[in-house]
Amino acid sequence: MKLFLLIPLFLFTALHAKSQSIISGNIKDAVTNENLKGVNILVKEMNKVVSSDKEGNFRIAGLPEGNLQFQFSLQNYKTYS
């Protein structure tokens, strides 16, 4: 009976861990080296948007495995993909 309970628990743990890919970073102006607040980062495949904080940091969790396209945009700056 114990073996039967461990198998579903292991499968749930493996599936849950697989979907927890995270990417994080810091966004700065290339000329002034100033941290950029409020940069929108779009994960195109998921239609998910996050914004950089006041220090230019961002974190995106729950990313699927594989190749992803990101689009960075901020008013008065050129959009970058």
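Phe 72 is partly exposed, with 22% relative accessible area. In this predicted model, the Phe 72 ring is one half of an aromatic pair, which is taken up first.

**The aromatic pair**

Searching the whole structure gives one aromatic pair. Its members are Phe 58 and Phe 72, arranged edge-to-face, with 6.1 Å from centre to centre and 70 degrees between the planes. Because Phe 58 belongs to strand E4 (residues 57-63) and Phe 72 to strand E5 (residues 70-73), the pair ties together parts that are 14 residues apart in sequence. The angle is counted as edge-to-face because the planes are over 60 degrees apart. Phe 58 has a relative accessibility of 11% and counts as buried. The value of 22% for Phe 72 makes that residue partly exposed, because buried requires a relative accessible area under 20%.

**The chain as a whole**

The protein chain contains one helix and five strands. Along the sequence, these elements follow the pattern α-β-β-β-β-β. The chain has 81 residues, of which 16% count as buried. Its accessible surface comes to about 6,500 Å², and carbon and sulfur atoms account for 58% of that area. Taking the contacts between residues at least 6 apart in sequence, 48% join residues at least 24 apart.

**The loop between E1 and E2**

Asp 29 is located in the loop between E1 and E2. The residue is buried yet has no salt bridge, and Lys 28, the nearest side chain of opposite charge, is 11 Å away. A salt bridge would need a side-chain nitrogen of Lys or Arg within 4 Å of a carboxyl oxygen, so a distance of 11 Å does not qualify. The Asp 29 side chain does have polar partners. One is the backbone nitrogen of Thr 32, reached at 2.9 Å. Another is the side chain of Tyr 77, with which the Asp 29 side chain makes a polar contact at 2.7 Å. With neighbours within four places in sequence left aside, Asp 29 is in contact with Glu 34, Leu 36 and Tyr 77.

Asn 33 is found in the loop between strand E1 (21-26) and strand E2 (40-43). Its relative accessible area is 51%, and the residue is exposed. The phi of Asn 33 is near 65 degrees, a positive value in a residue other than glycine. Most residues other than glycine have a negative phi. Asn 76 also has a positive phi, near 75 degrees. This residue is found in the segment after E5 and, at 76% relative accessibility, counts as exposed.

**The loop between E3 and E4**

Ser 52 is placed in the loop between E3 and E4. At 5% relative accessibility, Ser 52 counts as buried. Its side chain reaches the backbone oxygen of Leu 36 at 2.8 Å. Beyond its neighbours within four places in sequence, Ser 52 is in contact with Ile 27, Leu 36, Lys 37, Gly 38, Val 39, Ile 41, Asn 57 and Phe 58. Phe 58 in this list is also a member of the aromatic pair.

Asp 53 lies in the loop between E3 and E4 as well. Its relative accessible area is 33%, which makes Asp 53 partly exposed. Apart from neighbours within four places in sequence, Asp 53 is in contact with Leu 36, Lys 37 and Gly 38. These three residues are also among the contacts of Ser 52. The C-alpha atoms of Asp 53 and Asn 26 are separated by 9.2 Å, and the two residues are 27 apart along the chain.

**The loop between E2 and E3**

Met 46 sits in the loop between E2 and strand E3 (48-51). With a relative accessibility of 31%, Met 46 counts as partly exposed. Not counting residues up to four places away in sequence, Met 46 touches Gly 62, Leu 63 and Pro 64. Between Met 46 and Leu 63 the C-alpha separation is 8.3 Å, across 17 residues along the chain.

**Polar contacts of side chains**

The side-chain polar contacts described above are listed here.

| Side chain | Partner | Distance |
|---|---|---|
| Asp 29 | Thr 32, backbone nitrogen | 2.9 Å |
| Asp 29 | Tyr 77, side chain | 2.7 Å |
| Ser 52 | Leu 36, backbone oxygen | 2.8 Å |

Leu 36 also appears among the contacts of Asp 29 and of Asp 53.

Terms used. Residues are numbered from 1 along each chain as its sequence is written. This is a predicted model: local features need pLDDT of at least 70, side-chain atom pairs count only at pLDDT 80 or more; totals for chains, interfaces and linings use all residues. Side-chain values use heavy atoms; hydrogens and water are left out. Rings of Phe, Tyr and Trp (its six-membered ring) pair if their centres lie within 6.5 Å; planes under 30 degrees apart count as stacked, over 60 as edge-to-face and the rest as tilted. Helices (H or I, at least four residues) and strands (E, at least two) are DSSP runs, numbered from the N terminus. Buried means under 20% relative accessible area, exposed over 50%, partly exposed in between (1.4 Å probe, protein chains only). Contact means heavy atoms within 4.5 Å. Accessible areas come from the Shrake-Rupley method with a 1.4 Å probe; for residues, only the protein chains shown count as cover. Lys and Arg count as positive and Asp and Glu as negative; His and the chain ends are not counted. A polar contact is a pair of N or O atoms within 3.5 Å; within protein, one must be able to donate a hydrogen and the other to accept it, and residues adjacent in sequence count only if both atoms are side-chain atoms.
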